[in-house]
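User: I would like to learn how to read the strands, sheets and cores of a protein model. Could you take me through one case, starting from a single pair of residues?

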Amino acid sequence: MLKTNTLKWNVIGLIGALLLSFTATAEDVKLAPNHPNSYVVQKGDTLWDISGKFLQQPWEWPKIWHVNPEICNPNLIYPGDTVNLNMVDGKPQLDVTRANPCGGTVKMSPNSDNRLSPHIRVEELGSAIPAIPLDIINPFLSGSRIVDGGVLDAAPYVLAGTERHLVTGAGDVINARGEFDSKVPTYGIYRKGKIYTDETTGEILGVEAIDIGTAKITHTEGDIAKMSILRSTREVLGKDRLLPSEERAIDAIFYPSSSKNDIQGKVIDVAGGVSEYGAMNVVLIDKGKRDNLEVGNVLAIFAQGETMKDPVTGEKVKLINERAGLAMVFNVFEKTSYALVLESDRPLTLGAEVKNP
């Protein structure tokens, strides 16, 4: 089992580690129509792309993954590797043939007189392929987050810059006020965004904390702190809030999976503020840790049924919601979660239902 204490770029290497083992049978796995018998992994591929070539339901990949203990890092898949589909006792099984047994490329090396000699050297291949596109989800892993109501209001806040700059950002020094933890030298700078509530019960599901940057404490006196801005995504303003830099342990390898619980939720926001969305958009759903939702869970998205006039009675009738796509959860908060839409066959809107596939 892999473990890391930071959620920044270290998570990229962790997410690249795929498919630790399988515990379910392959009896109910359905192969995709016109599936290949083998596929050579390309740079830029994701686990979702590859599994979709072989299976009708890509998240069922772990059920038929066969680990070959004779190769290095059998749970990782690298560009140049070949994924093979075999039938064993009438059941499908996938395994990998390494481009190089220990995950490297073999090249001829020049000797002392600059002539190519028969001996070899091994160069490390590119990173193992991720489950889903990391460039899209990374800002939602290490940047903006959803916090409980009241958290931002109680947090320390920015007073002003120590110099009269027109724009305050990375490299500048700011003053802040509040209760700082002496054991936490680095704080994230956030700005309050949307407040999400349950439209039925009125319960606050969370508050959007928009990532503004990161600052390090250089000096404190009482409840006043002088801080150096290490990173900024936009101008730092007075009243921006400061939260301890988020550090979380990731205790499991990240791969597509089915939820263990019956999930029935809805999409309550879309990154970028667009009204319609589809594949490769990040959405926020109203289910989280308290609903036993986990990172990697795949959910089906159902487009809202059209409302039409009954031609006989004249009444307004809402048609049944139709399954229109799939999304994978990649960051889970207490009452909400971020998910990446992986597939959609039509434009989707806010309020779309999400359920177990």
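Analyst: Let us begin with one cross-strand pair in this predicted model: Val-298 stands opposite Met-328, a residue of β19. That pair belongs to a longer ladder, since β16 and β19 run antiparallel and are joined by 6 bridges.

User: Which strand does β16 pair with over 3 bridges, and in which sense?

Analyst: The partner is β22 (residues 353-355), and the pairing is antiparallel. On that side Phe-302 is the residue that stands opposite Glu-353 of β22.

User: How should I read the two faces of a strand, and what is found on those of β16?

Analyst: The general idea is that side chains in a regular strand alternate between the two faces of the sheet. In β16, Val-298, Ala-300 and Phe-302 lie on one side and Leu-299, Ile-301 and Ala-303 on the other, and all of them are buried, which leaves both faces covered. Because 6 of the 6 residues of β16 are buried, this strand is largely enclosed by the rest of the structure.

User: What larger arrangement does β16 belong to, and in what order do its strands follow one another?

Analyst: Here 6 strands close into a barrel, and their order is β13-β15-β20-β19-β16-β22, with antiparallel pairing. On average, and with direction ignored, neighbouring strands of this sheet are turned by 45 degrees against each other. Elsewhere in the barrel, β15 and β20 run antiparallel and are joined by 4 bridges, and Val-283 stands opposite Ala-339 of β20.

User: Which residues have the most contacts inside the largest nonpolar core, and which elements supply at least two residues each?

Analyst: To read a core, one looks for its best-connected members and then for the elements that supply them. The largest nonpolar core has 23 residues, and those with the most contacts inside it are Trp-48, Ile-132, Ile-137, Phe-330, Tyr-338 and Leu-340. At least two residues of this core come from each of α4 (134-142), β15 (282-285), β16 (298-303), β19 (322-332) and β20 (337-344). The largest share is that of α4, with 4 residues. Another core, of 19 residues, lies apart from this one and has Ile-263, Val-267, Ile-285 and Ala-324 among its members.

User: Trp-48 is part of helix α2; which residues of α2 are buried, and why do they lie on the same side?

Analyst: In α2, which covers residues 47-54, the buried residues are Leu-47, Trp-48, Ile-50, Ser-51 and Phe-54. They are on the same side of α2 because they cover an arc of only 165 degrees around the axis.

User: How does an open sheet look here, and which strands stand at its edges?

Analyst: The open sheet has 3 strands in the order β1-β2-β3, paired in the antiparallel sense. Its edge strands are β1 (38-40) and β3 (91-97), and each has a single partner strand, so one side of each is left without a neighbour in the sheet. Neighbouring strands of this sheet are turned by 20 degrees against each other on average, direction ignored. Between β1 and β2 (residues 82-88), which run antiparallel, there are 3 bridges, and Val-40 has Thr-82 in β2 as its bridge partner. Helix α2 packs on the sheet, where it touches β1, β2 and β3, and its direction makes about 155 degrees with that of β1.

User: How many residues lie between β2 and β3 in their hairpin?

Analyst: There are 2 residues between the two strands of the hairpin, and Asp-89, in the turn, has a positive phi of about 55 degrees. The strands β2 and β3 run antiparallel and are joined by 7 bridges, with Leu-85 standing opposite Leu-94 of β3.

User: Is Arg-145 buried or exposed, and which side chain does it reach through a polar contact?

Analyst: The cut-off for buried is under 20% relative accessible area, so Arg-145, at 10% relative accessibility, counts as buried. This residue is found in strand β6 (residues 145-147), and a polar contact of 3.1 Å joins its side chain to that of Tyr-190.

User: To finish, what do the totals for the protein chain say?

Analyst: The protein chain has 5 helices and 22 strands, and 44% of its 357 residues count as buried. Of the contacts between residues at least 6 apart in sequence, 66% join residues at least 24 apart.

Notes. Residues numbered from 1 in each chain as written. Predicted model: local features only at pLDDT ≥ 70, side-chain atom pairs only at ≥ 80, totals over all residues. Heavy atoms only, no water. Core = buried A, V, L, I, M, F, W, Y, C linked by side-chain atoms within 4.5 Å. Buried < 20%, exposed > 50% of the residue type's maximum accessible area, 1.4 Å probe, protein only. Arc of directions from axis to C-beta. Pairing = 2+ DSSP bridges. Axes fitted to C-alpha atoms, helices over the stretch in contact; angles between N-to-C directions. Polar contact = N/O pair within 3.5 Å; in protein donor to acceptor, adjacent residues only side chain to side chain. Contact = heavy atoms within 4.5 Å.
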